[in-house]
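This briefing concerns a predicted model. Its topics are one helix and one pocket.

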Amino acid sequence: EKTKKIEMELAKIRVRKNINPKGNFSSMKGKLSWPASGNIISKFGNQRNPDTKTITFNQYIEIQSQLNSSVSSVLDGMVSKISFMPSYGSFVIIDHGGGYRTVYSNLDDIIVNENDYIQSGQKIARVSDNNNKLQFQVWYNDESFNPEQWLRRK
């Protein structure tokens with residue numbers, strides 16, 4: 001129900017702003033701008049901890065940024081959730097329509113609100129001073145995808 005409401009609202013806004021509705025998320029693989037400047041230091045997928053000899057699954061990539069780096073939306077959409085979790089810090093979820101969502105976590109100074117329409121490239125927050133690492137996720141419905149495959153090559 002909430003997803004359908006967001007889809008309808010996004011469609012109305014895109015028509016008003018004369019944004020091509022065919023430029024939706026699914027057609028943007030390999031074309032999205034980076035959410036923050038920096039380099040990927042933690043990859044998506046299975047990660048082996050050499051100390052504990054355990055394997056964990058990362059549903060995100062981690063981008064090492066400079067102090068006070070801005071975080072921007074990779075595509076237009078609606079802010080569907082802003083919250084905090086101990087393992088992720090403060091985070092923002094943006095619904096891009098068609099079942100696609102992006103998650104930006106480990107944030108400080110969030111400057112958007114839930115239900116805001118966000119344009120592509122719009123600043124939403126700052127990477128946390130805690131460790132200057134942005135965690136970035138891409139989801140389609142209930143499945144996570146490797147975000148690195150969706151970003152433009154540097």
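**Helix α1 and the largest pocket**

Helix α1 comprises residues 2-16, 15 residues in total, and extends 21 Å from its first C-alpha to its last, close to the 21 Å expected at 1.5 Å a residue. The helix has a buried side and, turned away from that side, a face that carries exposed residues. The largest pocket, with a volume of about 180 Å³, takes the largest share of its lining from strand β8.

**Two faces of α1**

- Four residues of α1 are buried, namely Ile6, Leu10, Ile13 and Arg14.
- These residues lie on the same side of α1 because they cover an arc of only 95° around the axis.
- The buried residues of α1 pack against three strands: β6 (77-85), β7 (89-97) and β9 (117-118).
- Lys4, Lys5, Met8, Val15 and Arg16 are exposed and sit on the face of α1 turned away from its buried side.

**After the helix**

- Asn18, located just after α1, adopts a positive phi of about 60°.

**Lining of the largest pocket**

- The residues that line the largest pocket are Gln59, Met85, Tyr88, Phe91, Ile93, Arg101, Val103, Ser105, Gln137 and Trp139.
- At least two lining residues come from each of β7, β8 (100-108) and β11 (133-140).
- Strand β8 provides three residues, the largest share of the lining.
- By character, the lining of the largest pocket consists of six nonpolar residues, three polar residues and one charged residue.
- Strand β7 thus appears in both settings: the buried residues of α1 pack against β7, and β7 supplies at least two residues of the pocket lining.

How values were computed:
Residues are numbered from 1 along each chain as its sequence is written. This is a predicted model: local features need pLDDT of at least 70, side-chain atom pairs count only at pLDDT 80 or more; totals for chains, interfaces and linings use all residues. Side-chain values use heavy atoms; hydrogens and water are left out. The expected span of a helix is 1.5 Å times one less than its number of residues. Buried means under 20% relative accessible area, exposed over 50%, partly exposed in between (1.4 Å probe, protein chains only). The arc is that of the directions from the helix axis to the C-beta atoms. Contact means heavy atoms within 4.5 Å. On a 1 Å grid over the protein atoms alone, a cavity is a set of points where a 1.4 Å probe fits but cannot get out, and a pocket is an open set with protein on both sides within 12 Å along at least five of seven lines; lining residues have an atom within 4 Å of a point. Grid points are joined across faces, edges and corners, and a volume is the space filled by probe spheres set on the points. Ala, Val, Leu, Ile, Met, Phe, Trp, Tyr, Cys and Pro count as nonpolar, Asp, Glu, Lys and Arg as charged, and the others, Gly among them, as polar.
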